[in-house]
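Visitor: I should be grateful for a close look at one part of this structure, the surroundings of its bound ligands. Please describe them in one connected account.

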Amino acid sequence: MKSRGLAALEASAPLKSFDFNRRELGEHDVSLDIAYSGICHSDIHQVRQEWGPAIFPMVPGHEIAGTVTAIGSSVTKFAVGDLIGVGVFIDSCRTCASCKQGLQQYCESGMTGTYNTLERDGKTVAYGGYSNIFVINQDYAVHIPANLSLAGVAPLLCAGITLYSPLKKWGAKPGMKIGVMGLGGLGHMGVKFAHAMGAEVTVFSHSAEKESDALTMGADHFVLTKDPSALKPLYKTFDLILNTVSADLDINIYLDMLKLDGTLVVIGLPGVPYGVNAGSLLNGRRRIAGSMIGGIPEMQEMLDFCGKHSIVSDVEIISADYVNTAYERTVASDVKYRFVIDATTI
Ligand code: NAP
Ligand code: ZN
Ligand code: ZN
């Protein structure tokens, strides 16, 4: 299928218009017209090869919201005209223990990413969502509730599920004190979800101007991390801290803020190792854990939760010619709070 997208032709190159082919509609596939595609910091990390060698030309994008335009002969999950979402992976082995539990993101042979990878045939390059159309196996797409703004839904397919999943895993509920490090695309979804789940939420940010937005989103407290004296009184007060920061930083001070048996969840992927003080872990039997996006059943659960609680991402809708500026602004922490590309401008 003839497609148009935005691609980096080589590492760190500015994105520009790119024509390519997607596979024809298979028996189990649906095709969609993309309405909006979110810009995740992971797109920038990969275009800039901050996680290692990547595949070019690269059409990034794994926060895809659109409308079904055609269905394959065996498709039962979707009908033409349905709202549909695609996230960070488009396939997996389907047979390993993780896949059988609906945790396709932890597939033992590796999930097939939405871009910057080869499809499971080992030869077709996967192109992502900064594009006008998409083709996906029905099992790897989700339904979007009709009561939500489609632009605000697109970032839920990565930023949303990536914060929803650890909050569920570590049991966010009333009475829990939860910290969210970094108020960017992921972090702002963490604030909205943790608040909706009834927890007391503290945002740790290095951007003073984000305070009023954080409180509007549902945070109970805002801590400016540039001021170390603001952190000291918080020593041993948190049950759970979610680190969404895209840059390298000292996590020991955050470990020290956890209560007995508290957990720091690593979500940001700066591409450099963390240095951990043994004492910060031992003292309080604290834990460091990781969490990566969420599986298909949990993505659907998250979208249904958003439909019920009227939760969407705060977005700045941009046209295709703004994407390179949007990358610079995201890296400068100047995003309120997710850039979303209007796919009709591609
Ligand atoms: P983003 O929108 O750019 O937000 C990152 C936030 O981190 C910024 O807004 C900023 O918040 C803070 N930050 C940035 N540079 C900083 C610095 N030098 N010092 C301190 N704080 C800084 O990025 P995102 O799209 O939310 O993604 C965040 C990270 O998660 C990325 O590394 C991304 O690759 C990763 N990620 C992981 C998963 C997963 O499954 N685990 C999924 C998607 C993305 P403040 O201005 O509030 O300080
Ligand atoms: Zn992402
Ligand atoms: Zn698997």
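**The ligand sites**

Guide: The model is predicted, and the account begins with the zinc ion. Three protein donors serve the zinc ion (ligand 2): Cys40 through SG, His62 through NE2 and Cys158 through SG, at 2.0 to 2.2 Å from the metal. Along the sequence these donor residues follow the spacing C-x21-H-x95-C. Cys40 sits in the loop between β3 (29-38) and α1 (41-47), while His62 sits in the loop between α1 and β4 (64-71), so that this pair, 22 residues apart, links distant parts of the chain. Cys40 has a relative accessible area of 2%, and because the limit for burial is 20%, Cys40 counts as buried. His62 is likewise buried, with a relative accessible area of 4%.

Ligand 1 comes next. The shell around ligand 1 holds 30 residues, with His41, Ser205, His206, Ser207 and Arg338 as the closest. Its residues comprise 12 nonpolar, 16 polar and 2 charged. An N or O atom in the side chain of Arg338 is 2.6 Å from an oxygen atom of ligand 1, and a polar side-chain atom of Lys210 is 2.7 Å from an oxygen atom of the ligand. Ser291 instead uses a backbone N or O atom, 2.9 Å from a nitrogen atom of ligand 1. On its own, ligand 1 has 920 Å² of accessible area, of which the protein covers 90%. Two or more shell residues come from each of α1 and α5 (185-196), and α1 contributes the most, with 3 residues. Ligand 1 lies between domain 1 (2-158 + 313-345) and domain 2 (160-290), because both give residues to its shell.

Terms used. Residues are numbered from 1 along each chain as its sequence is written. Chains are lettered from A and ligands numbered from 1 in the order in which they are written. This is a predicted model: local features need pLDDT of at least 70, side-chain atom pairs count only at pLDDT 80 or more; totals for chains, interfaces and linings use all residues. Side-chain values use heavy atoms; hydrogens and water are left out. Donors are N, O and S atoms within 2.8 Å of the metal (3.2 Å for Na, K and Ca); water is not among the atoms, so sites may look incomplete. Helices (H or I, at least four residues) and strands (E, at least two) are DSSP runs, numbered from the N terminus. Buried means under 20% relative accessible area, exposed over 50%, partly exposed in between (1.4 Å probe, protein chains only). A residue is near a molecule or strand if one of its heavy atoms lies within 4 Å of it. A polar contact is a pair of N or O atoms within 3.5 Å; within protein, one must be able to donate a hydrogen and the other to accept it, and residues adjacent in sequence count only if both atoms are side-chain atoms. Accessible areas come from the Shrake-Rupley method with a 1.4 Å probe; for residues, only the protein chains shown count as cover. Ala, Val, Leu, Ile, Met, Phe, Trp, Tyr, Cys and Pro count as nonpolar, Asp, Glu, Lys and Arg as charged, and the others, Gly among them, as polar. Domain bounds come from an automatic or database domain assignment.
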